[in-house]
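Dear colleague,

I am handing over the structure below, together with some notes for a reader who has not met it before. Please look through it first and then read on.

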Amino acid sequence: MTATPTAPSPTAPSPDTNPADPGFWQLPQSRQREAFARLRRLDAPVHCPGPSGGGFYALVRHADVVEASRSPRLFASAPGVTTPEPARWVRALFGESMVNLDDPEHARLRRTVSRAFTPRVLAAAEADIRALSARIVDDMIAERPDDFVTAVASRLPFEVICNMMGVPERYRPEILARVNHASEHIGVARTRLRVPGKGLRALARMQRMIAALARDRRRHPADDLVTALVHADVDGRALGVRQLGAFFSLLMVAGVETTRNALAHGLALLTEHPEQRALLAADVDGRIEGAVEEIVRHSTPIIQFRRTVAAPCRLGGRDFRPGEKVVLFFASANRDEAVFDDPDAFDITRSPNPHLGYGGGGPHYCLGAHLAKREMAALFSELLTRTPDIRATAPPVLAPSSFDNRVRALPFAVGRRSLKGAVSARTQEGTSTGNDEEDR
């Protein structure tokens, strides 16, 4: 691999290369990627002024993002990793999300949650993922929906998490609506980057429902994750109602939204690159794990997280002072020419593939990374095996978000040959859909 030559660093980026400007996130993604490539060529992280003052230093190189991620004593998550930081009253009302905490509180909460994910819970989740993937493809074949996001991509991670948590069926439609409503208002590029009140009201309603479920599980334990969390006792302390609500909100956004978006981007990428699709289809079992890793690298579902400098330090050729803000741009790090050969190419055989799609390591590495990979592998294996002609029929409809690479909709179709094969297979099992139409 060839190192990228550096150039002198300007005092501030131009408007079309300033990721602190909401207008930057209205640009086509190709323009954003060109801007990040220019920022990576600078000799040090550059300060990006915000629309009303402040701003942050952009960490855009793979090495810088990894170092900051693995140096929590120098680059703190508190008071918040999103842009802007959550207000104090929001944290008081909704509880502190684990991603916004530093040790020792973060370590204690992560231990509590980690211990609830017992081998028995994870084994049940694996079986559930396989069964749900088959059922979703069954429904897709029978109903032939138009939008891959709502009919396929969002269903699997949402149902998996609800089943793990023990969320009753009667709660699920409203929770899904609240999640979608809240997510639509996170990081959306407007005149200012903010989370409007409607999004907060949606989160409040969702957390009240989980609080009611937690109270019930304390009285009537069940074999689910909510029961395990409300009865957990680590270091003499159990998970409180607000902590449970904050954790559930994190699961819904980090666990559902990111996997949903990766699945949608995955179908779009496999459609756009038929040679990679053919390579995967020729050996699904042998290549699916590499395909999942490359989909996550190429799409990078979470674009960035913020950190606050906690102590004087030097990183990437620049000295930082306590209180300064830095933003870790995973989307840029995952296309760093110093690490990835031909970084804009989609290559399911890429090896090694040290992408930062689940974080740059350190204490905040994604707790659900293994689960998300299993979901993607199971669903794409099911789709490519039973409906090999499935394809996107138009580019994904993206939200102009500075936080996540969100797909609002993805039109898709299943070809006649694929559908007939799937119907024939189900007929042999005595569960024919009876649907044998032409392509939409």
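**Thr-300 and other backbone features**

Thr-300 has its place in the loop between α13 and β4 (304-309). Please keep in mind throughout that this is a predicted model. The phi angle of Thr-300 is near 45°, which is a positive value in a residue other than glycine. With a relative accessible area of 4%, under the 20% limit, Thr-300 is therefore counted as buried.

Arg-144 is a second case of this kind, since its phi is positive, at about 50°, although Arg-144 is not a glycine. This residue lies in the loop between α5 (119-143) and α6 (148-153), and Arg-144 is buried, with a relative accessible area of 9%.

Two cis peptide bonds also deserve a note. One runs from Asp-103 to Pro-104, with omega near 10°, and Pro-104 belongs to the loop between α3 (88-94) and α4. Another joins Ser-351 and Pro-352, where omega is about 0°, and Pro-352 is found in the loop between α14 (330-333) and α15 (369-386).

**Pro-45 and the largest cavity**

The structure holds three cavities of 30 Å³ or more, and the largest of them has a volume of about 60 Å³. Its lining is made up of Leu-39, Ala-44, Pro-45, Val-46, Ala-58, Leu-59, Val-60, Arg-61 and Asp-64. Sorted by class, the lining of the largest cavity comes to seven nonpolar and two charged residues, with no polar ones.

Pro-45, one of these lining residues, sits in the loop between α1 and β1 (47-48). Is Pro-45 buried or exposed? At 5% relative accessibility, Pro-45 counts as buried. If its neighbours within four places in sequence are left aside, Pro-45 is in contact with Tyr-57, Ala-58, Leu-59, Arg-61, Asp-64, Leu-315, Gly-316, Arg-318 and Phe-320. For one of these partners, Gly-316, the separation from Pro-45 is 271 residues in sequence, while the two are 6.6 Å apart in space, C-alpha to C-alpha.

**The second largest cavity**

The second largest cavity has a volume of about 40 Å³, and the residues that line it are Glu-96, Ser-97, Met-98, Leu-109, Val-113, Gln-243, Ala-246 and Phe-247. The elements that give two or more residues to this lining are α4 (105-116) and α11 (241-272). Which element gives the most to the lining of the second largest cavity? That element is α11, with three residues. By class, the lining of the second largest cavity divides into five nonpolar, two polar and one charged residue.

**The second largest pocket**

Helix α11 appears again in the second largest pocket, where it gives the most to the lining, with five residues. About 420 Å³ of space lies in this pocket. Of the 18 residues that line the second largest pocket, the closest to its centre are Gln-29, His-265, Ala-268, Glu-272 and Pro-396. At least two lining residues are supplied by each of α1 (29-40), α11 and α13 (284-299). The lining of the second largest pocket divides into seven nonpolar, seven polar and four charged residues.

**How α11 meets α12**

The last item concerns the helix that follows in the numbering. The axes of α11 and α12 (residues 274-282) come within 5 Å and cross at roughly 105°. Angles from 65 to 115 degrees count as roughly perpendicular, and α11 and α12 are therefore roughly perpendicular to each other. In this contact, Leu-270, Thr-271 and Glu-272 of α11 meet Pro-274, Arg-277 and Leu-280 of α12. By class, the contact of α11 with α12 has three nonpolar, one polar and two charged residues. Glu-272, which takes part in this contact, is also among the residues closest to the centre of the second largest pocket.

With kind regards

Technical notes:
Residues numbered from 1 in each chain as written. Predicted model: local features only at pLDDT ≥ 70, side-chain atom pairs only at ≥ 80, totals over all residues. Heavy atoms only, no water. 1 Å grid on protein atoms, 1.4 Å probe; cavity = no way out; pocket = protein on both sides within 12 Å on 5 of 7 lines; lining within 4 Å. Points joined across faces, edges and corners; volume = space filled by probe spheres on them. Nonpolar A, V, L, I, M, F, W, Y, C, P; charged D, E, K, R; others polar. Helix = DSSP H or I, 4+ residues; strand = E, 2+ residues; numbered from the N terminus. Axes fitted to C-alpha atoms, helices over the stretch in contact; angles between N-to-C directions. Parallel < 35°, antiparallel > 145°, perpendicular 65-115°, else oblique. Contact = heavy atoms within 4.5 Å. Buried < 20%, exposed > 50% of the residue type's maximum accessible area, 1.4 Å probe, protein only.
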